[in-house]
Every structure is written in structure tokens, then in C-alpha cells.
Amino acid sequence: MSSVHIIGAGVAGYTLARELVSRNYAGSISISDAQGLPYDRPPLSKSLQVEPFAPVSWYREHRINLVQEEITQLPLPTADDDWVVLATGTIPRTLDIPGAEFARSLHTAADARHLARTLDDGMFGQRVLIIGAGLVGAEFASTARMLGAQVTLVSSSNAPLAHVLGEDLAEQLHAEHRTHGITTITGAVTELGPGYAIVSGTRHEADLIVAAIGVEPNTALAERSGLDVENGILVDAGQRSTSHRQVLAVGDAAREAGQARAVHWEAAMDDAAIAASTILGTPAPARSIPWFWSDRHDTHVETVGDFSKVASVVKRHNRRGKIQTVFGLDESGALVAASMIDGGLMSKAVRKLMARGITPGIEQLEDPQIGPRELGRPAP
């Protein structure tokens with residue numbers, strides 16, 4: 001019987017198993033992960049919650065073998081219809097400063113549970129210092145503040161996430177931390193100790209320190225097995241390893257040769273759908289327009305497209321003069337990205353426009369009276 005062995009139980013690994021089930025794959029499926037039952041990662045920083053993708057009964061029903069184990073040596077396929085899929089995700093970057101061991105990370109279910117207990121058990125108003133104001137840092141800052149902590153958020157920039165939100169909206173969102181009682185500091189952390197951090201020469205006392213300075217692709221297993229690795233496990237357009245035709249890689253650990261590595265939820269799902277097609281020998285689905293979201297305080301933020309391609313922006317403001325949406329245009333004037341606050345319908349509309357290659361006029365993009373359904377349509 002043919003088989004698929006998935007190593008890694010994040011969104012890419014789980015989605016591949018679900019895709020194979022939905023497409024009636026006749027072989028055996030197994031998922032190996034040291035953390036056990038597959039769970040979704042975004043809720044970890046948004047709410048310190050661990051949310052499994054499906055109950056254990058779902059895996060039993062579909063005869064998926066869940067194995068809680070750490071794979072240290074890649075089990076290469078031995079038959080022509082066997083597949084091994086690396087969905088090993090990422091590992092958190094670590095601080096390279098004296099006292100780095102005094103900082104916690106927020107990357108796994110165990111991390112989230114530990115931080116939740118620390119915040120629940122600590123005194124109201126305990127001092128939390130977070131290093132890094134990207135997605136994880138900003139979301140955890142919001143959660144810690146909501147749970148009654150005094151939060152200090154340290155960033156190297158006044159506009160963290162500018163590369164994915166656009167400079168203007170990123171700066172506005174970062175500034176709004178202060179309106180929710182969070183102290184923001186722009187500077188460099190040079191030393192940590194038991195209960196303190198040195199930030200740009202100033203000592204800050206802290207009961208809890210969390211480092212959220214980004215992630216790296218988890219390629220250790222692939223490297224030990226001699227697979228091609230360069231800022232991710234190198235794969236072709238069908239998610240096959242460039243060095244072994246029956247080894248696939250999906251999600252944050254993978255990178256298509258010649259392309260930038262994508263590190264977000266939607267791209268991982270696309271990888272999984274494409275990998276399922278490779279395994280089944282069916283045409284691969286088209287990739288969706290890049291999209292991700294973030295929740296902080298009482299704000300929901302979405303980004304569509306790729307701000308690295310943006311040459312100019314068009315901003316749309318709300319009645320309070322705050323930026324509501326930023327549309328990004330490339331050098332030819334085509335719509336290639338957008339970021340928005342509380343704009344679920346607008347996000348869907350922009351994705352459809354970009355998929356069809358439609359760019360509304362500047363006046364439409366700027367006009368807050370033009371809703372998602374009217375955007376891109378000719379004036380009556």
C-alpha cells in the first residue's frame with residue numbers, strides 16, 4: 001500500500017492530511033510531531049489559547065496515524081509510491097546578548113501555556129517586557145495588557161511590520177499601543193538579567209521578559225539528511241525537494257527555488273494543496289493571492305498581496321482622520337497590495353480585483369464612500 005508520512009503538525013502538515021482525505025487518497029497517512037495533536041499557531045499569541053485543528057476522533061475516523069515523536073533521521077521512501085513530507089515549520093530566533101537565557105519565547109503550545117500560567121498566577125500589574133513588536137510581539141503585548149500586566153514593548157523601529165503593512169499604517173498601529181496603556185520604546189536591548197533588561201543604556205525592571213524577534217526555517221532534519229537547503233528546504237513548483245523526488249516540503253520551512261520564502265498561514269495551505277496534487281498525480285491548483293491577518297487590542301488588521309512590490313501608496317482615511325486602508329501600487333500603477341483595519345469585506349474585494357488584474361482609479365481608492373462591492377466598477 002502506498003503511504004504518506006508527514007513530519008510536522010502545523011497548518012501545512014494538517015492541511016495536507018485533510019486534502020488527501022478529501023480527495024480520497026487510498027494509501028496510509030501518518031503524522032509525526034513531538035507536540036502531539038496538530039493545533040493552530042495563530043491563537044497562541046492572539047489569546048494564549050491552544051486550539052486543535054480537529055479532535056482525535058477525526059484522525060481515527062480517517063485512519064490517520066498520529067505519532068507523538070521527534071524525528072531525528074529522515075525516513076526516506078523505499079517504494080515508488082511512498083512519500084515523505086517535511087512540514088517542520090520554523091524555530092524562534094534567539095537573542096545574541098548577555099543574559100539571553102532570561103527571555104522566554106512564544107512559539108509553541110508549551111510556551112503559551114507557561115505564559116498564560118505566569119500571567120494568571122502573578123500579581124495584577126506585574127511588569128512584562130517584550131522584545132520585538134512584530135506580529136507575535138504586538139499580539140502578545142495586547143493579550144498581556146488585557147490580563148492586567150504593565151507592558152513595555154521594545155522595538156527597533158517606530159513602524160514595525162512596515163514591510164508587510166506599509167510604512168504609514170504600521171506606524172499608526174504601533175503608536176496605538178500607547179493609547180491602550182502600553183509603554184513603547186524604540187531602542188536596542190543589550191543585556192538581560194534576572195528581572196531586568198538594559199535598553200539603549202537604560203535599565204528596565206521586569207517580572208517577565210519575552211523575546212519575539214522573528215523566526216527561522218526549521219531545516220535541521222533536512223540538512224542532516226543531505227537535502228538542498230538555502231533559507232528553507234528548496235523545492236520545485238510541485239513542492240518536491242530539489243534533491244529527492246519523493247520527499248516534499250511544505251509550509252514555512254520550504255522555499256521554491258528562485259522565489260522568496262513565504263511565511264504565513266495562507267501560503268502554508270497553498271503548499272499543502274499543491275503537495276496533495278503532486279502525490280495524487282493531479283493538476284495543481286493555482287496559488288491564492290497572499291493574505292494574512294492580525295488581532296491586537298480591539299483592532300483586526302488584514303494585508304493582501306505583497307508590499308515588497310509597492311512603488312507608491314494610496315491612503316483611505318476614516319472620519320476621524322485615521323488611516324483605514326492603504327492600497328499599494330507597483331511601478332506600472334497596478335494594484336499589488338493593500339492593508340486595512342476592520343476591513344473583512346474590503347480584503348475579499350481587493351483579493352478578487354488583484355486576481356483579475358483590475359486596478360481601480362485613484363479617486364475610487366481614496367474615497368471612503370466607495371464600498372467593497374463598488375470598488376473597481378465603472379461609475380454609473
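Here is a chat between a student and a tutor about this predicted model.

Student: Let's start with the whole chain. What radius of gyration does the chain have, set against a compact globule?

Tutor: The chain has 380 residues, and a compact globule with that many would come out near 21 Å. The box filled by the C-alpha atoms is roughly 65 × 60 × 35 Å along the principal axes. The chain's own radius of gyration agrees with the globule value, at 22 Å.

Student: And how many helices and strands does the secondary structure come to?

Tutor: Of the contacts between residues at least 6 apart in sequence, 62% join residues at least 24 apart. Buried residues make up 52% of the chain. As for the elements themselves, the tally is 11 helices and 24 strands.

Student: Take helix α1, residues 11-22. What distance separates its end C-alpha atoms, and how does that sit with the expected span?

Tutor: Helix α1 has 12 residues, and the rule is 1.5 Å a residue. The count that goes into the rule is one less than the number of residues, so the expected span is 16 Å. The end C-alpha atoms agree with that, being 16 Å apart.

Student: Is α1 largely enclosed or largely open, and how many of its residues are buried?

Tutor: The buried set includes V11, Y14, L16, E19 and V21. Those buried residues pack against β1, β2, α3, β5, β6 and α9. α1 is largely enclosed by the rest of the structure, because the buried count is 10 of the 12 residues.

Student: Which residue with a positive phi follows α1?

Tutor: Look just past the helix, which covers residues 11-22. The residue there has a phi near 60°. That residue is N24.

Student: Moving on to D111: which side chain of opposite charge is nearest, and how far away is it?

Tutor: D111 is found in helix α4, residues 109-121. Leaving out residues up to four places away in sequence, D111 touches R104, S105 and L106. D111 is buried yet has no salt bridge. The nearest side chain of opposite charge is R104, at 4.0 Å.

Student: S155 next. Why does S155 count as buried?

Tutor: S155 is in strand β9, residues 150-155. Beyond four places in sequence, S155 touches A133, P160, H174, I185, T186 and G187. The cut-off for buried is under 20% relative accessible area. S155 counts as buried because its relative accessibility is 4%.

Student: Which residue's backbone oxygen does the side chain of S155 reach?

Tutor: The side chain of S155 makes this approach at 2.8 Å. The backbone oxygen it reaches belongs to S157.

Student: What about P92: which residue, 121 residues apart along the chain, has its C-alpha atom 7.5 Å from that of P92?

Tutor: P92 is in strand β7, residues 90-92, and counts as partly exposed at 29% relative accessibility. Among residues more than four places away, P92 touches S105, H107, G214 and V215. The C-alpha partner at 7.5 Å is I213.

Student: Now salt bridges. How many does a search of the whole structure find, and which residue pairs with E216?

Tutor: The search finds nine salt bridges. In one of them, the closest N and O atoms are 2.6 Å apart, and E216 pairs with R93. E216 is in strand β15 and R93 is in the loop between β7 and α4, so this pair links distant parts of the chain, 123 residues apart. E216 is partly exposed at 33%, and the partner, partly exposed at 38%, is R93.

Student: How far apart in sequence are the parts tied together by D168 and K315?

Tutor: The side chains of D168 and K315 meet in a salt bridge at 3.6 Å, N to O. D168 lies in helix α7 and K315 in strand β22, so the pair ties together parts separated by 147 residues.

Student: Are D168 and K315 buried or partly exposed?

Tutor: The range for partly exposed runs from 20% to 50% relative accessible area. D168 has 29% and K315 has 33%. Each falls in that range, so D168 and K315 are partly exposed.

Student: Last one: which residue forms a salt bridge with E205?

Tutor: E205 counts as partly exposed at 39% relative accessibility. The partner counts as partly exposed at 47%. Their closest N and O atoms are 2.6 Å apart, and the partner is R203.

Methods. Residues numbered from 1 in each chain as written. Predicted model: local features only at pLDDT ≥ 70, side-chain atom pairs only at ≥ 80, totals over all residues. Heavy atoms only, no water. Helix = DSSP H or I, 4+ residues; strand = E, 2+ residues; numbered from the N terminus. Buried < 20%, exposed > 50% of the residue type's maximum accessible area, 1.4 Å probe, protein only. Lys, Arg positive; Asp, Glu negative; His and termini not counted. Contact = heavy atoms within 4.5 Å. Polar contact = N/O pair within 3.5 Å; in protein donor to acceptor, adjacent residues only side chain to side chain. Rg over C-alpha atoms; globule rule 2.2 N^0.38 Å.
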